[in-house]
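Me: I would like a close look at a single part of this model, with one connected answer rather than scattered remarks. Here are the sequence and the structure.

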Amino acid sequence: MTITDVARHAGVSTSAVSKVLRNAYGVSDAMRERVRGAMAELDYRPHAAARGMRGRTYTIGVLLDNLRNASFADILDGVGEHLRATEYQLLLGAAGFGAEDQARLARAMVDRQMDGLILIGPGFARREVLGVAASVPTVVIGHHDTADAYDTVVDADAEGAALVVDHLAGLGHRRIALTSAHGNAGTGWTGTPERVQRRGYRQAMRRHGLDAYARIATTAYSEEGGYRAGMELLTSGPRPTAVFAGADVAAMGVFRAARELGLAVPDDLSLAGYNNTALAALAPVRLTSVDQAGGLMGRTAARLLLERVEGRGTPVRVSVSPTLVVRGTTGPAPR
């Protein structure tokens, strides 16, 4: 079966069928229903290779560093939710943390003629991302650096950090510490989420007159990284009464460090995370965390990408406002 057969069966033009397949703007619901009905009756499936030869494969590549980061799940759900109503298929690539490995996978996605790419917190050089975006429509999630070549979807990370500091300061805490990620040095990115988050933390501490109490431990965003940061913060200098972990998974490591040191959460130490992953809501942890609206970020990125694929050239930047979800790991500062 070909697109011509579908058009003849539906009693429409081949261009109308093409528009339905591309989920193009301006197609009426009646037209879409008629064409999809004809496709179902004829058991028509577009041939991916033939589409590629005509300039479109109806595949969207999503690149991330690893599959163990629970914060990516909500973003991917959002991307998939938006694409589900289209002919586009999502292909996922986990490249690891190495900058060269990520760049190589991004180039491979371009070589395989994917129609668009969504890069979640890319750890490879910004100049490489600009090169990729010059070849294929691209949306970058997470990084606040903007460019004409790609669209950007970010969480308002400075605002999210301020939500945590305001909450803890309101509970009487003064010694509020932060665990943050190192990030990939020398990649040319200046607005990575951890950098913006650190900036928001420092600004909020200054606003509350707590500059002298600000402490930052940099570590990997992992349970083990959080554990090492927790040990560093809780065994040296004036011990903080509250720790803000830049990611929920790191907060779990701080939680483990506190327990090993005989500290009760939240009686002796208040603890907050970031991303509000499914992990945060689990009992007995019930972690206070910042919800970055990952599903909305994913849906927005998919929508913007398809607009790029359809020809929009002007760059768009969308910033999603976070919210603080207060649970059982934060409480009044110990006396």
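By class, how many residues in the lining of the largest pocket are nonpolar, polar and charged? Please describe that pocket with some care, and then place it beside the rest of the chain.

Reply: The model is a predicted one, and what follows should be read as a description of that prediction. The lining of the largest pocket has 22 polar residues, 18 nonpolar residues and eight charged residues. In total, 48 residues line this pocket, whose volume is about 1,100 Å³. Those that lie nearest its centre are Asp65, Asn69, Phe72, Glu194 and Tyr221.

Turning to secondary structure, three helices each supply at least two residues of the lining, namely α5 (71-83), α9 (193-207) and α11 (248-260). Of the contributions to the lining, that of α9 is the most, with five residues.

As for the rest of the chain, its secondary structure comes to 13 helices and twelve strands, and its C-alpha trace spans about 80 × 40 × 30 Å along the principal axes. Of the 335 residues, 51% are buried, and among contacts with a separation of 6 or more, 70% are between residues 24 or more positions apart.

Six of the strands form an open sheet with mixed pairing, in the order β7-β6-β8-β9-β10-β12. Because β7 (215-218) and β12 (323-325) stand at the edges and each has a single partner strand, one side of each is left without a neighbour in the sheet. On average, and with direction ignored, neighbouring strands of this sheet are turned by 20° against each other. At the β12 edge, the pairing with β10 (residues 288-291) is antiparallel and runs over three bridges, with Ser289 standing opposite Val325 in β12. Helix α8 (residues 157-170) packs on the sheet, where it touches β6 (176-180), β8 (242-245), β9 (270-274), β10 and β12, and the direction of α8 makes about 165° with that of β9.

Within the sheet, β8 and β9 run parallel and are joined by three bridges, and Val243 has Leu271 in β9 as its bridge partner. Strand β9 is largely enclosed by the rest of the structure, because five of its five residues are buried. Both faces of β9 are covered, with Ser270, Ala272 and Tyr274 buried on one side and Leu271 and Gly273 buried on the other.

How values were computed:
Residues numbered from 1 in each chain as written. Predicted model: local features only at pLDDT ≥ 70, side-chain atom pairs only at ≥ 80, totals over all residues. Heavy atoms only, no water. 1 Å grid on protein atoms, 1.4 Å probe; cavity = no way out; pocket = protein on both sides within 12 Å on 5 of 7 lines; lining within 4 Å. Points joined across faces, edges and corners; volume = space filled by probe spheres on them. Helix = DSSP H or I, 4+ residues; strand = E, 2+ residues; numbered from the N terminus. Nonpolar A, V, L, I, M, F, W, Y, C, P; charged D, E, K, R; others polar. Pairing = 2+ DSSP bridges. Axes fitted to C-alpha atoms, helices over the stretch in contact; angles between N-to-C directions. Contact = heavy atoms within 4.5 Å. Buried < 20%, exposed > 50% of the residue type's maximum accessible area, 1.4 Å probe, protein only.
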